[in-house]
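Got the viewer open? Here is a short tour: what to select at each stop, and what you'll find there.

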Amino acid sequence: MENRTLGSLTVSALGLGCMGMSEFYGHGDEQESIATIHAFLDAGGTLLDTADMYGPFTNEKLVGKAIAERRADVVIATKFGNERHEDGSFAGINGKPEYVRAACDASLQRLGVDHIDLYYQHRVDKTVPIEDTVGAMAELVQAGKVRHLGLSEASAETIRRAHAVHPITALQTEYSLWEREPETKVFPVLAELGIGFVPYSPLGRGFLTGQIRTPEDFAENDFRRHSPRFQGDNFTRNLELVDRVKELADEKQCTPGQLALAWLLAQGEHIVPIPGTKHRKRLNENLGATAVVLSEEDLKRLDELAPAGATAGARYPNMASIDT
């Protein structure tokens, strides 16, 4: 797999989102999840994305177990800020400096490593100045516990303020053919400051694969059952968008998911999507996106088939945690 650069950090062109291996997308299988991580590394992938809140806490342990003998092959990205209790309940968003330090130490222990390659603030704590949070993150870099800093779902203004304290390597925000909001305000700032971009949910939470046809396709414990984009008329309207994308995918002799990932890769060399999966079969399909070549005409057609703002429904039931 080819490499790309996020700020000053070199990673594989596609990363692997590990969240669904532990929570949110139905039940996982640890053995298959670890085999999927190993298959990703064997294919030349390097960037593994996790967070302390996934599980909670169990996903970092799973990733740590999977990479125990292959640390040198891996770029580990994890996150803090969405604070959860052991029972899974949410305590809120926490960007206090003392919490930053404690969360990092806990993540290092669960991952079984001596440093984190890319450490994100998962959500911006609007009650704490971003300068204070990033200042504490910068101390982790100075201490050798963290190599690079990132933000997730941060606004253009927040990114500027954070970058003035310590260089920000990457921004992670939802971005795909059905979520294009970052293009208008955030992308110009990233280009100006030389910050990489890591789109999460690059397959529209799996919807852009074309495999989801009814709300009943979701498991009972799948959080998408409660997402506005997967309910009622929104589901129907969004399915029409997916079917339009599938038409072009059929012409290109690739899957809709591969087309969606190829579109993201074509948006810039500073973009590294992290499609998540817990199965080797789906991983192999995703990796096939790197071989899909899109012409200028293809890209123009996709803009017409899935224009910005075409998706029906909000991204989350409650958007209050998103920094805008």
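**Stop one: helix α5**

Select α5 and look first at the face turned away from its buried side: that's where the exposed residues Glu157 and Ala164 sit (exposed is over 50% relative accessible area, buried under 20%, with a 1.4 Å probe and protein chains only). A word on what you're viewing: this is a predicted model, with local features needing pLDDT of at least 70, side-chain atom pairs counting only at pLDDT 80 or more, and totals for chains, interfaces and linings using all residues. Residues are numbered from 1 along each chain as its sequence is written, and side-chain values use heavy atoms, leaving out hydrogens and water.

Now highlight Ala156, Thr158, Ile159 and Ala162, which are buried in α5 (residues 156-165). Down the axis of α5, the buried residues fall within an arc of 155°, taken from the directions from the axis to the C-beta atoms, so they line one face of the helix. Their packing partners are α4, β9, β10 and α6.

**Stop two: Leu190**

Hop to Leu190 in helix α6. Leu190 counts as buried because its relative accessibility is 1%. Beyond neighbours within four places in sequence, Leu190 contacts Ile159, Leu171, Ile195, Gly196 and Phe197 (contact means heavy atoms within 4.5 Å).

**Stop three: α7 and α10**

Finally, select residues 232-252 and 296-305: helices α7 and α10 pack at about 160°, axes 10 Å apart. That makes α7 roughly antiparallel to α10 (angles over 145 degrees count as such). Show side chains, and you'll see Leu241 and Arg244 among the α7 residues meeting α10.

Terms used
Helix = DSSP H or I, 4+ residues; strand = E, 2+ residues; numbered from the N terminus. Axes fitted to C-alpha atoms, helices over the stretch in contact; angles between N-to-C directions. Parallel < 35°, antiparallel > 145°, perpendicular 65-115°, else oblique.
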